[in-house]
Amino acid sequence: MPHTNPSSATASPAASSPDLPAAGGLCAVHQPNLFPRLTTLAKLFAADTWVVLDDVQFTRRDYQHRTRLAALSDPDRTQWLSIPTHLPQGRQTTLQAALIVDPAHARRRTSAMLRQAYGASPHWAALAQALEPVEAAFSSGRTATVAETSTRILLDLLGWRGQILRSGQLPARPGRSQRLADLAAATSTDRYLCGTGGMRYLDEAPFAAQAITVVPFRPPTTNIWSSGRQVSALWALATLGPADLTDRLRAVTVAHNMGLS
């Protein structure tokens, strides 16, 4: 599958002015998640463009500031890793405005929990090196920055070469489905990649009006994928290693694209 410009572990290609990808391809719009679940990571990996949806309302019970870490030897045994977050505007605080409570302490605790969970993995050295930008992101004091960076470094580690843009820099009208359709249209895509959760509420009419096809993304449900909707992709990375997991994600992407042809 062709991709566009490489993603960066430290700064978005859209940081100043969006460098829009060529017309066509698959677009995914997704909030930054802290060390995202395997199914979320697979959806982004399959896309040519990821629009980071960081100007929406912060939700404490979502995955914006937390993730489940599965034990290396038993993916059914999990624990929550959370970034303590302060909302300056209360419940109306947007994700990009949410602040980390005591960033230095949160960074140390996050690093300790990751090492405790996956330090025994034979792939820990490569994973630990890749995690360094996440530790540095805590100095921003912003939860969204850490969450986005945690996703970007995993995509980079897996060799993804897509384009990353931010929703706040693209024109879009209000309304949940209308806004997603406008964001997708702003990237010049002709296909919008939608997860199973999104398909439950999405209105495809605004997409059809802009000649964009809504494509459901349905990852496998067996083997490493059996816990893919619950636990962080870090477990799969620590268990299989970057090369093996990359091959599996590419296989899912190829199978998905063949289903579209």
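The exercises below work through cysteines, salt bridges, helices and two single residues of one predicted model.

Residues are numbered from 1 along each chain as its sequence is written, and side-chain values use heavy atoms, with hydrogens and water left out. Because the model is predicted, local features need pLDDT of at least 70 and side-chain atom pairs count only at pLDDT 80 or more, while totals for chains, interfaces and linings use all residues.

**Exercise 1. Find how many disulfides the model holds, and explain the count with C27 and C194.**

Step 1. A disulfide is a covalent bond between the sulfur atoms of two cysteines, and here the term is applied to a pair of cysteine sulfur atoms within 2.5 Å.

Step 2. The cysteine sulfur closest to that of C27 belongs to C194 and lies 11 Å away, which is too far for a bond. Taken from the other side, C194 is in no disulfide either, its nearest cysteine sulfur being that of C27.

Step 3. The count therefore comes to zero disulfides under the 2.5 Å rule.

Step 4. For the surroundings of the two residues, buried means under 20% relative accessible area, exposed means over 50%, and partly exposed is in between (1.4 Å probe, protein chains only). C27 is buried with a relative accessible area of 0%, and C194 is buried as well, at 3%.

**Exercise 2. Trace the salt bridges of E148, and state what network E148 belongs to.**

Step 1. A salt bridge is counted where a side-chain nitrogen of Lys or Arg is within 4 Å of a carboxyl oxygen of Asp or Glu, and the model has seven of them by this rule.

Step 2. One partner of E148 is R152, with the closest N and O atoms 2.9 Å apart. Both residues belong to helix α5 (residues 143-157), where they are four residues apart and so separated by about one helical turn. Helices here are DSSP runs of H or I with at least four residues, strands are runs of E with at least two, and both are numbered from the N terminus. An α-helix has 3.6 residues a turn, so residues three or four places apart point the same way.

Step 3. Another partner of E148 is R166, at 3.1 Å from N to O. This pair links distant parts of the chain, since E148 is in helix α5 and R166 is in strand β7 (residues 163-166), 18 residues apart.

Step 4. E148 is buried at 5% relative accessibility, whereas R166 is partly exposed at 22%; R152 is buried, as E148 is.

Step 5. Joining the pairs, E148 is part of a network of salt bridges that links D54, E148, R152 and R166.

**Exercise 3. Describe how helices α1 and α5 pack, and which residues make the contact.**

Step 1. Two packed helices are described by the angle between their axes and the distance between the axes. The axes are lines fitted to C-alpha atoms over the stretch in contact, and angles run from 0 to 180 degrees between N-to-C directions.

Step 2. Helix α1 (residues 38-46) and α5 pack at an angle of about 60 degrees, and their axes are 11 Å apart.

Step 3. Contact, meaning heavy atoms within 4.5 Å, is made by L41, L44 and F45 on the α1 side and by T151, L154 and L155 on the α5 side.

Step 4. In α1, nine of its nine residues are buried, K43 being one of them.

**Exercise 4. Determine how far helix α6 is covered, and by which elements.**

Step 1. Helix α6 (residues 176-186) is mostly covered, with eight of its eleven residues buried; among them are R179 and D182.

Step 2. These buried residues pack against the strands β1 (26-30), β2 (49-52) and β8 (191-194), and also against α8 (205-208).

Step 3. Just after α6, S188 takes a positive phi of about 65 degrees.

**Exercise 5. Place S232 and A117 in the fold, and list what each touches.**

Step 1. S232 lies in the loop between β9 (213-216) and α9 (234-240), and S232 is buried at 1% relative accessibility.

Step 2. Leaving out residues up to four places away in sequence, S232 touches F35, P36, R37, L38, T67, R68 and L69.

Step 3. A117 lies in helix α2 (residues 103-118) and counts as buried at 15%.

Step 4. With the same kind of sequence neighbours left out, A117 touches L69 and L72. The C-alpha atoms of A117 and A71 are separated by 6.1 Å, although the two residues are 46 residues apart along the chain.
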